[in-house]
Amino acid sequence: VRVIITGGSQQFLYMTTEALCDEGDIVLVEDPTYFVFLGILQSRNIQARGVKLERDGLDLAHLEIVLERLKKSGELRRVKALYLVTYFQNPTGVTTSLAKKRAALKLLKKYERAAGHPIYLLEDAAYRELRFSGDDTQSALAISGARDRVIYTGTYSKPFAPGARLGFGILPRELFTVVNRVKGNHDFGSANLLQQ
């Protein structure tokens, strides 16, 4: 299992962005999206490009329009990921359906050849455990053949205790070692007491 324990999901998001993106790269985000992630992108001089939201998640037609525009402008090679807050999205409260996650991954794969590299789906599930009713929606990790393109992160800070700065991430094999090394450079490991 390619799991990394972090000081909250924010640390995981920062480390993954550091490992995946160069200055001037582009990350596609929901519009609106989690403002803290926008701060991470800004701190690393990475551009955010917005994709509209609908009641059940990302507007797939708009995602394709954005990808096509980036392809025509020659900027697609700078696109490294699509960032989605897939459960009770902050700030809208929208939960992305599994069908939309599957379709978004299919679109990203369609444009990878023109990009010349993988385009990852970064699924932020920080609010997944805050469900009060209804059935859980499966993560993008449940999609057949998606584990090499899905980066998944969660946290115990939201559902358990804000002071317990403990999160985790699940990474594709090709990113795991790089992010794990970045983690070692940050703090040599998350607190054992909190992990227990």
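Colleague: Why is F88 counted as partly exposed?

Modeller: This is a predicted model, and in it F88 has a relative accessible area of 26%. A residue is buried under 20% and exposed over 50%. The value for F88 falls in between, so F88 is partly exposed.

Colleague: What makes the backbone of F88 worth noting, and where is F88 found?

Modeller: F88 is found in the loop between β5 and α4. Its phi is near 50°, a positive value in a residue other than glycine. Most residues other than glycine have a negative phi.

Colleague: Which phi value does N45 have, and what places N45 in its accessibility class?

Modeller: N45, which is not a glycine, has a positive phi of about 60°. This residue sits in the loop between α2 and β3. Its relative accessible area is 45%, so N45 is partly exposed, the limit for an exposed residue being over 50%.

Colleague: Which peptide bond leads into P91, and where does P91 lie?

Modeller: The bond from N90 to P91 is cis, with omega near 25°. P91 lies in the loop between β5 and α4. A cis bond also runs from D31 to P32, with omega near 10°, and P32 lies in the loop between β2 (26-31) and α2. Most peptide bonds are trans.

Colleague: How many aromatic pairs are there, and why is the pair of F37 and Y83 called stacked?

Modeller: The count comes to 3 aromatic pairs. The ring centres of F37 and Y83 are 3.8 Å apart, with 20° between the planes. Rings pair if their centres lie within 6.5 Å, and planes under 30 degrees apart count as stacked; both conditions are met, so this is a stacked pair.

Colleague: What makes this a link between distant parts of the chain?

Modeller: F37 belongs to helix α2 (residues 35-43) and Y83 to strand β5 (residues 79-85), and the two are 46 residues apart.

Colleague: How do you know whether F37 and Y83 are buried or exposed?

Modeller: The relative accessibility of F37 is 1%, and Y83 has a relative accessible area of 0%. The limit for buried is under 20%, and therefore F37 and Y83 are buried.

Colleague: Why is the pair of Y152 and F168 described as tilted?

Modeller: The centres of Y152 and F168 are 6.3 Å apart, with 35° between the planes. The distance is within 6.5 Å, and the angle is neither under 30 degrees nor over 60, so the pair is tilted. Y152 in strand β7 (residues 150-155) and F168 in strand β8 (residues 167-170) are 16 residues apart. Y152 and F168 are buried.

Colleague: How do you know that R149 lies over the face of Y120?

Modeller: R149 is at 5.9 Å from the ring centre of Y120. The distance limit is within 6 Å, and R149 meets this limit.

Colleague: What makes R149 and D148 a salt bridge?

Modeller: Their closest N and O atoms are 3.4 Å apart. A salt bridge needs these atoms within 4 Å, so the contact qualifies. R149 is buried, with a relative accessible area of 13%, whereas D148 is partly exposed at 30%. R149 and D148 also belong to a network of salt bridges with E112 and E174.

Colleague: How many salt bridges are counted, and what does the one between E54 and K100 tie together?

Modeller: The count comes to 11 salt bridges. One of them joins E54 and K100 at 2.4 Å, N to O. E54 lies in strand β3 (residues 47-54) and K100 in helix α4 (residues 98-115), so the bridge ties together parts 46 residues apart in sequence. K100 counts as buried at 10% relative accessibility, while E54 is partly exposed at 35%.

Colleague: Which distance makes D56 and K100 a salt bridge?

Modeller: The N to O distance is 2.9 Å, which is within the 4 Å limit. D56 lies in the loop between β3 and β4 (57-58) and K100 in helix α4, so this bridge ties together parts 44 residues apart in sequence. D56 is partly exposed, with a relative accessible area of 33%.

Colleague: Which residues line the largest cavity, and how do they divide by type?

Modeller: The structure holds 1 cavity of 30 Å³ or more, and the largest cavity has a volume of about 40 Å³. Its lining consists of T16, T17, L20, C21, V27, A81 and L122. These divide into 5 nonpolar, 2 polar and no charged residues. Helix α1 (residues 9-20) gives the largest share of the lining, 3 residues.

Notes:
Residues numbered from 1 in each chain as written. Predicted model: local features only at pLDDT ≥ 70, side-chain atom pairs only at ≥ 80, totals over all residues. Heavy atoms only, no water. Phe/Tyr/Trp six-rings, centres within 6.5 Å; stacked < 30°, edge-to-face > 60°. Helix = DSSP H or I, 4+ residues; strand = E, 2+ residues; numbered from the N terminus. Buried < 20%, exposed > 50% of the residue type's maximum accessible area, 1.4 Å probe, protein only. Lys NZ or Arg CZ within 6 Å of the ring centre and 35° of its normal. Salt bridge = Lys/Arg side-chain N within 4 Å of Asp/Glu carboxyl O. 1 Å grid on protein atoms, 1.4 Å probe; cavity = no way out; pocket = protein on both sides within 12 Å on 5 of 7 lines; lining within 4 Å. Points joined across faces, edges and corners; volume = space filled by probe spheres on them. Nonpolar A, V, L, I, M, F, W, Y, C, P; charged D, E, K, R; others polar.
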